[in-house]
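Colleague: I am new to reading protein models, and I would like to go through one with you slowly. Could you show it to me before I begin asking?

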Amino acid sequence: MISFLIALGVLVFGYLIYGGLMTRVVGQDTNRPTPVKTMADGVDYIELKPWKIFLIQFLNIAGLGPIFGAIMGVMYGPASFLWIVFGTIFAGAVHDYLSGMMSIRQGGASLPHMVGSQLGKTTRNVMNVFTLLLLLLVGAVFVYNPADLLAGLTPHYLDRMFWIVVILLYYMAATLLPIDKIIGKIYPIFGFALLFMAVGILIALIVHHSDVPEMWEQMYNHKPDPDANPVFPMMFVTIACGAISGFHATQSPLMARCLPNEKYARPVFYGAMVSEGIVALIWAAAAITFCHGYSGLQDFLGNGSPAVLVNDLSIGWLGSLGGILAVIGVIAAPITSGDTALRSARLIVAEALKMKQHKIGRRMLISVPIFALCFITMLMPYDVMWRYFAWCNQVLSVFTLWTVTVWLAKRGRNYIYSILPALFMTMVTITYIVFAPEGFGIPLSDWLGADGCYRVALAVGASACVLAMILFRRFARTLNNLRSEGNARR
């Protein structure tokens, strides 16, 4: 319990200290008009109260990610707690804050537009396709669990397909209507409920403190087959939303369009990510405690899904109130991430086509094909969708981190804070796709070289990391030379 409380304290101090450092790196300007002040359109650019924006951002980026990801990822052992804490502070929150600020400075631009402005038109076109693929996967992935649970709570004739159709119809309404009609009214309530649920579980953890494992105990991978599931890179993809997630960069522009002043950017973007890290930390510890250890958790997951564990844990520790919160957490949270994903998809397509969105007909013209593609995506097996979603999610974080790094470098700002997580996540994603079964499937036990020093996937991942660093250093030198020439002319 001591290490768990220390970890919570580190996350809070991370927001206060490192978050404050990020505002100085960007150069926060409270006198600069935000996009909603200059581009209000009554649909997507609508000013909202800062506390509402925080709760909406938190709900958008959280969903089931910090709950399910933490429950499944904690089986990697104490390393999972360290990744949640330090990944949140030095990678995830930096990623979310810088992408949010960059969107504000570019008029509420979506992620592909931001990437293209720094990495070129070709990269922007690739990112348009890649980001839309991820958002379609999010929309599809976050339909299944809520539909299954709702089918189990209602009469048999209201089956899974019925609830899938209902959820998709709701998606359509939330995607098309102005952001203050549904998202601005309902999401703050669900966001608060998700935080309230985490606080309740935290109090229950303190009551059951004797069963909370210390991070310095059992310092090894607790997966049943650790050779097939090594901590690096598998854990860093499994625990995404509780540490760093590229999906967040698709959601930040939604709130960047509604923020009344830059001074709220730190609590909204950096703060929401730290809050998500706290939720992930709580659920990781709670899962082990409730199941009486790593082996008990493995047995539970072998016989049931994380959704069942969330339900049983909530009711067992919080009673009937916990049951209500579990329904909100497992049903409402993923749905609210899915609809904002498809809303982001609409805005990305509209931005690429330079199509204004103030008329409902234009929004329908873009949204209907998006929903058709989302439904087709749902025909894929769920486990396949989830694996590709997880990898695409982290690849997107790599593009975002390199984009904000170039952005900082062009503005003469200190980019060390973004390039370090960019390099790390580059190595994670490349190693993963080389090693994972859904990638090239080359096991880490295969060796290169007679002395057996280099493992295939790690060697490829490390090489990609070094290559990225070399290319960026060449870019930085060119940038410095151009600045020097400009100063000499003046």
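Colleague: In which helix is Ser103 found?

Modeller: Please keep in mind that this is a predicted model. Looking along the chain, one comes to a helix that covers residues 78-105, and the place of Ser103 falls inside that run, which is helix 5.

Colleague: Is Ser103 buried or exposed?

Modeller: Leaving aside neighbours within four places in sequence, Ser103 is in contact with Gly108, Ala109, Met114, Pro253 and Ala256. A residue is called buried when its relative accessible area is under 20%. Because the relative accessibility of Ser103 is 0%, Ser103 counts as buried.

Colleague: Which residues is Thr131 in contact with, leaving aside its neighbours within four places in sequence?

Modeller: Thr131 belongs to helix 7, which takes in residues 121-153, and with a relative accessibility of 0% this residue counts as buried. Once the neighbours within four places in sequence are set aside, the contacts of Thr131 are Leu111, Pro112, Thr250, Ile348 and Leu396.

Colleague: How many cavities of 30 Å³ or more does a search of the whole structure find, and which helices each supply at least two residues of the lining of the largest cavity?

Modeller: Rolling a probe the size of a water molecule over the atoms reveals where empty space remains. A search of the whole structure finds one cavity of 30 Å³ or more, and the largest cavity holds about 50 Å³ of space. Its lining consists of Ser110, Leu111, Thr250, Pro253, Leu254, Arg257, Ser344, Leu347 and Ile348. The helices that each supply at least two residues of this lining are helix 11 (247-256) and helix 14 (306-353).

Colleague: Which helix gives the largest share of the lining of the second largest pocket?

Modeller: The second largest pocket contains about 440 Å³ of space. It is lined by 18 residues, and those closest to its centre are Met39, Tyr45, Met355, Lys356 and Gln357. The largest share of the lining, three residues, comes from helix 14.

Colleague: How far apart in space are Trp163 and Asp148, C-alpha to C-alpha?

Modeller: Trp163 lies in helix 8, and with a relative accessible area of 15% this residue is buried. Not counting residues up to four places away in sequence, Trp163 touches Ala147, Leu150, Ala151, Thr154 and Leu158. Trp163 and Asp148 are 15 residues apart in sequence, while the distance in space from C-alpha to C-alpha is 8.0 Å.

Colleague: Which elements give two or more residues to the nonpolar patch?

Modeller: The nonpolar surface patch has an area of about 690 Å² and is made by Met161, Val165, Leu169, Leu373, Phe375, Ile376 and Leu379. The elements that give two or more residues to the nonpolar patch are helix 8 (160-176) and helix 15 (360-377). As for Phe375, its place is in helix 15, and its relative accessible area of 34% makes it partly exposed. The two elements asked for are therefore helix 8 and helix 15.

Colleague: How many residues apart in sequence are the parts that the salt bridge of Lys37 and Glu47 ties together?

Modeller: Side chains of opposite charge can pair when their charged atoms come close. A search of the whole structure finds five salt bridges, and in one of them the side chains of Lys37 and Glu47 meet at 3.0 Å, N to O. Because Lys37 lies in helix 2 (residues 35-39) and Glu47 in the loop between helix 2 and helix 3 (50-62), the pair ties together parts whose separation in sequence is ten residues.

Colleague: Is Arg343, which forms a salt bridge with Asp44, buried or exposed?

Modeller: The closest N and O atoms of Arg343 and Asp44 are 2.8 Å apart. Arg343 lies in helix 14 and Asp44 in the loop between helix 2 and helix 3, so this pair ties together parts that are 299 residues apart in sequence. Asp44, with a relative accessible area of 4%, is buried, and Arg343, with a relative accessible area of 0%, is also buried.

Colleague: Which residue of helix 14 meets Asp44 in a salt bridge of 3.0 Å, N to O, across 302 residues in sequence?

Modeller: Asp44 lies in the loop between helix 2 and helix 3, so its pairing with a residue of helix 14 ties together parts that are 302 residues apart in sequence. The partner is buried, with a relative accessible area of 0%. The side chain that meets Asp44 at 3.0 Å, N to O, is that of Arg346.

Notes: Residues numbered from 1 in each chain as written. Predicted model: local features only at pLDDT ≥ 70, side-chain atom pairs only at ≥ 80, totals over all residues. Heavy atoms only, no water. Patch = residues over 30% accessible without salt bridge, like charges linked within 9 Å, V, L, I, M, F, W, Y side chains within 5 Å. Areas by Shrake-Rupley, 256 points an atom, 1.4 Å probe, with all protein chains shown as cover. Salt bridge = Lys/Arg side-chain N within 4 Å of Asp/Glu carboxyl O. Helix = DSSP H or I, 4+ residues; strand = E, 2+ residues; numbered from the N terminus. Buried < 20%, exposed > 50% of the residue type's maximum accessible area, 1.4 Å probe, protein only. Contact = heavy atoms within 4.5 Å. 1 Å grid on protein atoms, 1.4 Å probe; cavity = no way out; pocket = protein on both sides within 12 Å on 5 of 7 lines; lining within 4 Å. Points joined across faces, edges and corners; volume = space filled by probe spheres on them.
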